Every structure is written in C-alpha cells, then in structure tokens.
Amino acid sequence: MPEVDNEIRGRLALITGASGGIGAACARALWAQGASLALTYFRNVEPMDKLTKELVSGDEDVNQKFTIHCVDTGSAEAIEQLFLEIKEQHSQDGPNILVSNAGYGKRRNGILDVSLEEFDYTINVNLRASFILSKLSIPHMEAQGWGRIIFISSIAAQGGGINACHYAASKAGLTGLMKNLAMKHAKAGITVNDVAPAMIGETGMIPDEKFVEGTPGDVKNIPVGRLGTPEECANVVSMICKTGYLTGQSILLSGGLK
Ligand SMILES: NC(=O)c1ccc[n+]([C@@H]2O[C@H](COP(=O)([O-])OP(=O)(O)OC[C@H]3O[C@@H](n4cnc5c(N)ncnc54)[C@H](OP(=O)(O)O)[C@@H]3O)[C@@H](O)[C@H]2O)c1
C-alpha cells in the first residue's frame, strides 16, 4: 500500500494571483505551515510588497523561501518563463503544490454584452492557464511521486453566479480539466481538486457587501447571512493539501448559496 504522506512543510507551492484576496490568503496559510512559495502577480505589485513584508516574520524555517514573479496567465510564453525562473530560483523543475488561482471576470449582464475577444481572453486567463500550469507541473510531481493541484473555480461553474456566460464557461471548463487529471494522475501520487467559491469579500472581485446588493449574490440571499472570507478559501486549500485521499472533487464554498 502506498505510504500516506500529507506533509506540507518543505514543499514548494506555486500560487498564481497572490496579489489578490484569495491568493494572498493561500500564500499566508501555506507559508505558516512551512511551505516555500513562488507567488505571481500581474498588474498590482503593491499588494505583493505588503504580503512579502508579512511573510518575513522571523518565525519561518531557515529553509523556507519565497519568490515573486510578474506573469500574465493569459500568455503561454509568460507561464513558460515562470517555470524557468522557478528552476533557477528554487532549484527544482516545478512546484509540489499548484494553486491556480489568478482569474479574470469582468462583470457582464448576458451573452450579448460579451465580445468574442473578451470570451477568448477569459478562457485563456481562467482555463487555458490552468492547463499550461498543470502540464508544466506534472512531470516534476510525477518524478517526486507526490503532488497537489488545486484550481480556484467558482459557483458559476455549476450554472449559478452573478456574471455572464464567459466567466461561467471558463470555470466549468476547469471542473472538466480537474476531473480528467485527477483520474489520470492519481496513481502517481498527484491529487487534483477545485474549490468553487461564491461571494468572497475583501477581494477585487467582491470588494464589499454593497457591491452585490440587488444581485442574486446579495448577502440577504446567502443562507449563512454574510460574505465568505479569503481565509476560509485558504482553509479549504490547506485541507486539500493535507488530505491525499481526496481527489477529483469540486468543493462548493458558498455559505449555502446554490
Ligand atoms: N471573490 C469571489 O467571490 C470569487 C468567487 C468565485 C471565484 N473566485 C475566483 O477566485 C480567484 C481569485 O480571485 P479573488 O476573488 O481573490 O479576486 P482578486 O482579489 O481580484 O484577485 C484576482 C487575482 O488574479 C490576478 N489576475 C487577473 N488577471 C490576470 C492575468 N491576466 N494574469 C495573471 N494574473 C491575473 C490578479 O493579479 P493583479 O491584480 O496583480 O493583476 C489578482 O492577483 C479567481 O480565479 C476568481 O475567479 C472569486
């Protein structure tokens, strides 16, 4: 029987979109559990400065290290460059944990508001990037016999959500990608899951309650009566990393919203 190994300490976690609310919370959580980090941002470097100051607390392991990378996940070349930087700066061919979190979802009312260019861009940033990141991560994970791949999807993947079809399609595609990879790579010690949040506050996507007033995601429609927090998303990501028996699952984190 394969050994049970759910240790995070000493692993390298690649987290895309760490300048945003959910990505930063995942970075803090995995760092606190002893992982090294490769963190990406795209347009907003200021939150990275704040996050990296927080990480350097003096409590970290001597072997722990974080690196920061500017990456447009809509660009295949930029993602390939990221892996070259990881190899150079962390001396390994890829991460042990991949949290594909960077996402784009300009709010639109319906299909008639979504241009072909916006549809393609959303698919590239949200779905194609996860394909490329997984493809580049899996060889090293297979060589190690251990890996965790986590996509940050959305309730929109299941047909809900407050945005239009470009966003829903990109997130639903992630679930298909996740389920296929989970089955194909389970024997190699790699688990693949997604977290499907809804209405997470303190993020660029949902800055506060007022932002969603009058929409289907209005707080008064959420059974638990509040927005979720980035830390709650990070809790689920940590749980997935520490639970190797869990694979091929989409975990809806929505305060009871369907
Ligand atoms: N908040 C919610 O309620 C909610 C619900 C469901 C799903 N999600 C998903 O959660 C993930 C994280 O979002 P968030 O809620 O934390 O929002 P956020 O605070 O706006 O963070 C979005 C992150 O994605 C990055 N990003 C956007 N476009 C990018 C691109 N082309 N290339 C590289 N990075 C890019 C941003 O980087 P820069 O800012 O540096 O450009 C930022 O780090 C997304 O995938 C989102 O779809 C969020």
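**Exercise 1. The two sides of helix H2**

Task: In this predicted model, find which residues of helix H2 (residues 46-55) are buried, and explain why they lie on the same side of H2.

Solution:
- Step 1. List the buried residues. In H2 they are Met48, Leu51, Thr52 and Leu55.
- Step 2. Look at their directions. These four cover an arc of only 95 degrees around the axis, so they sit on the same side of H2.
- Step 3. Recall the general rule. An α-helix has 3.6 residues a turn, so residues three or four places apart point the same way.
- Step 4. Turn to the other side of H2. There, Glu46, Lys50 and Lys53 are exposed.
- Step 5. Find the cover. The buried residues of H2 are covered by elements including helix H1 (21-32), strand S2 (36-41) and strand S3 (66-70).

**Exercise 2. Strand S1 and its neighbours**

Task: Which way do the residues of strand S1 (residues 12-15) point, and which residues stand opposite alanine 13 in S2 and in S4?

Solution:
- Step 1. Sort the side chains. Leu12 and Leu14 point one way from S1, while Ala13 and Ile15 point the other way.
- Step 2. Compare with the general rule. In a regular strand the side chains alternate between the two faces of the sheet.
- Step 3. Check burial. Leu12, Ala13, Leu14 and Ile15 are all buried.
- Step 4. Pair S1 with S2. The two strands run parallel, joined by four bridges. Alanine 13 has leucine 37 as its bridge partner in S2.
- Step 5. Pair S1 with strand S4 (residues 97-100). This pairing is also parallel, over three bridges. Here alanine 13 stands opposite isoleucine 97, and leucine 14 stands opposite leucine 98.
- Step 6. Add the helix. S1, H1 and S2 form a β-α-β unit, and it is right-handed.

**Exercise 3. From S4 to S5**

Task: Are the residues on the two faces of S4 buried or exposed, and how many bridges join S4 to S5?

Solution:
- Step 1. Take one side of S4. Ile97 and Val99 are buried there.
- Step 2. Take the other side. Leu98 and Ser100 are buried too, which leaves both faces of S4 covered.
- Step 3. Count the bridges. Four join S4 to S5, and the strands run parallel. Serine 100 has phenylalanine 151 as its bridge partner in S5.
- Step 4. Follow the chain. From S4 it passes through helix H4 (residues 116-144) to S5, in a right-handed β-α-β crossover.
- Step 5. Look at one residue of H4. Glutamine 144 lies in this helix. Its relative accessibility is 47%, so it counts as partly exposed.
- Step 6. Compare sequence with space. Glutamine 144 and tyrosine 41 are 103 residues apart in sequence, and their C-alpha atoms are 27 Å apart.

**Exercise 4. The nonpolar cores**

Task: Which residues of the largest nonpolar core touch the most other members, and which element supplies the largest share of this core?

Solution:
- Step 1. Name the best-connected members. Of the 34 residues in this core, Ile15, Leu30, Leu37, Leu39, Ile97, Val99 and Val237 touch the most other members.
- Step 2. Trace the sources. S1, H1, S2, H2, S4, strand S5 (147-152) and H6 each give at least two residues. H1 gives the largest share, eight residues.
- Step 3. Look for a further core. Another, of 26 residues, lies apart from it; Ile79, Leu82, Ile123 and Met178 are among its members.
- Step 4. Zoom in on valine 99. Leaving out residues up to four places away in sequence, valine 99 touches Leu14, Ile15, Thr16, Cys26, Leu30, Ile150, Ile152 and Val237.
- Step 5. Place this in a wider setting. In soluble globular proteins, nonpolar side chains tend to be buried together.

**Exercise 5. Cysteines**

Task: How many disulfides does the structure hold, and how far from cysteine 26 is the nearest cysteine sulfur?

Solution:
- Step 1. Count. The structure has zero disulfides.
- Step 2. Test cysteine 26. The nearest cysteine sulfur belongs to cysteine 233 and is 7.0 Å away. A disulfide needs the two sulfurs within 2.5 Å, so this pair does not qualify.
- Step 3. Compare surroundings. Cysteine 26 is buried, at 0% relative accessible area. Cysteine 165 is partly exposed, at 34%.

**Exercise 6. Positive phi**

Task: Where does serine 91 lie, and where is glutamate 202?

Solution:
- Step 1. Take serine 91. Its phi is near 55 degrees, positive though the residue is not glycine. Serine 91 lies in the loop between helix H3 (76-90) and S4. With 66% relative accessibility, serine 91 is exposed.
- Step 2. Take glutamate 202. Its phi is also positive, at about 60 degrees. Glutamate 202 is in the loop between strand S6 (190-197) and helix H6 (230-241). With 55% relative accessibility, glutamate 202 is exposed.

Notes
Residues numbered from 1 in each chain as written. Predicted model: local features only at pLDDT ≥ 70, side-chain atom pairs only at ≥ 80, totals over all residues. Heavy atoms only, no water. Buried < 20%, exposed > 50% of the residue type's maximum accessible area, 1.4 Å probe, protein only. Arc of directions from axis to C-beta. Contact = heavy atoms within 4.5 Å. Pairing = 2+ DSSP bridges. Right-handed = clockwise from strand over helix to strand, strands pointing away. Core = buried A, V, L, I, M, F, W, Y, C linked by side-chain atoms within 4.5 Å.
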